[in-house]
Amino acid sequence: MNFEFTEEQLMIQQAARDYAQRELIQDVLEREEKAEFPARHVKNLAELGFLGMMVPPEYDGGGMDSVSYVLAMEEIAKVDASVAVIMSVNNSLVCFGLNKYANEEQKQKYLKPLARGEVIGAFLLSEPEAGSDATHQYTSAEDKGDYYLLNGTKNWITNGSSASTYIVMAQTHPEKRSHGINAFIVEKDSPGITVGPHENKMGMRSSDTHSVMFTDVKVPKENRIGDDGFGFIFAMKVLEAGRIGIASQALGIASGAFERATSYAKERKAFGTEIINHQSLAFKLSDMAVKIENARNLCLKAAWLKDNHKPITVASAMAKQYAADIAMEVTTEAVQIHGGYGYVKEYHVERLMREAKLTQIYEGTSEIQKIIISRSLIKS
Ligand code: CAA
């Protein structure tokens, strides 16, 4: 087994690290306070090729592998998890889904500008009454011959207002339950779409999260992805890949907090010595380091499996559940190590702790990941 990265993977990691440490760090606190969308950074990351990283060059993407994606996501999320989630949704939920399942015409029209990062996308599965229970889609897509008529409400949509391209799941044949769901490419400026107010979130405040309402929205038939009734499997397959992105984001949040806690513990003195010399603190840092290393290995393994076209359902669920849960633990300990300073904004760790919480909730809660993992055990 080879644990070494290639030169290209290391270059991508370094480019992400440089951008995060040089640019994102400058205004992350201000943007988070004001809940301001990071438009300038999204544009710069697009120029670096980070919005369509794994899309092949023929569709204007970076042609990079998933391992590079994990490395870049970790570096970006260390500094700014809001920017990381914008990247993750565009790369793995939107571009991955279109690249793998859309037809040639759809790729030419929609994937290319998304991969270039000229526009960004959003993935609309969750509803007010259907979050974890994703098969129960209430949004309807009535088949009207040469178009579908979309009605319903989607909730918690990352990039809800800033996206130009939506991937929307909706029910066409309710009697068929999950096999009646379709996935559609919907242009956000279509008549009948209303975007709700910006959700005032606890963390990741500069990523824009909205509800989106559809009232008699006409979607051309050619915008359906795959065969009639493929929409739920599409959503599940896309989420499997997406969870590698969120797992890497959680990993980055944890390692960002760990780096800050370690530096602080080497500088801060108490009882006549730097606090890292107190075993109670050194052991905390040691536990954090082991958890982060485990999370990184799970993320990289899931990415390697994906790059080698092997099943990722369980590997990505394990990576997502573990990385999100340890991100919460590690960031909480990082605040503890900082003492009172950890509770104020300038030291960043309280923000990282608030950001970690969301990774246990979106793209499938930690409990949903355990359902996926345990079902595989029952089947085996
Ligand atoms: N691959 C292929 N097929 C799959 C599949 C997969 N990974 N998962 C399920 N299916 C199939 C099943 O085999 C089943 O098919 P049959 O009826 O032919 O047997 C069908 O889909 C229905 O599946 P289940 O019976 O397993 O359905 P369930 O109701 O028990 O739920 C679940 C399954 C895994 C819990 C699913 O509902 C789920 O993943 N829920 C979480 C949803 C989620 O992650 N939402 C996140 C929203 S997106 C977001 O957060 C993005 C953002 O903005 C950041």
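The legends below describe close-up views of the ligand and its surroundings in a predicted model.

**View 1. The ligand in its pocket.** In this predicted model the ligand sits in the largest pocket. The elements that each give two or more residues to the shell around the ligand are α4 (81-101), β3 (147-158), α6 (231-267) and α10 (366-379), and of these elements α6 gives the most, with 7 residues.

**View 2. The residues of the shell.** There are 26 residues around the ligand, and among these Ser132, Thr158, Glu240, Arg243 and Arg375 come nearest. When the shell is sorted by residue type, it divides into 12 nonpolar, 9 polar and 5 charged residues. At least three residues of the shell come from domain 2 (122-232), and at least three come from domain 3 (239-379).

**View 3. Polar atoms beside the ligand.** A nitrogen atom of the ligand lies 2.8 Å from a backbone N or O atom of serine 132. An oxygen atom of the ligand lies 2.9 Å from a polar side-chain atom of histidine 179, and for glutamate 363 it is a backbone N or O atom that lies 2.9 Å from an oxygen atom of the ligand. On its own the ligand has 1,100 Å² of accessible area, and the protein covers 72% of that area.

Technical notes: Residues are numbered from 1 along each chain as its sequence is written. This is a predicted model: local features need pLDDT of at least 70, side-chain atom pairs count only at pLDDT 80 or more; totals for chains, interfaces and linings use all residues. Side-chain values use heavy atoms; hydrogens and water are left out. A residue is near a molecule or strand if one of its heavy atoms lies within 4 Å of it. A polar contact is a pair of N or O atoms within 3.5 Å; within protein, one must be able to donate a hydrogen and the other to accept it, and residues adjacent in sequence count only if both atoms are side-chain atoms. Accessible areas come from the Shrake-Rupley method with a 1.4 Å probe; for residues, only the protein chains shown count as cover. On a 1 Å grid over the protein atoms alone, a cavity is a set of points where a 1.4 Å probe fits but cannot get out, and a pocket is an open set with protein on both sides within 12 Å along at least five of seven lines; lining residues have an atom within 4 Å of a point. A molecule sits in a cavity or pocket if more than half of its atoms lie within 2 Å of its grid points. Helices (H or I, at least four residues) and strands (E, at least two) are DSSP runs, numbered from the N terminus. Ala, Val, Leu, Ile, Met, Phe, Trp, Tyr, Cys and Pro count as nonpolar, Asp, Glu, Lys and Arg as charged, and the others, Gly among them, as polar. Domain bounds come from an automatic or database domain assignment.
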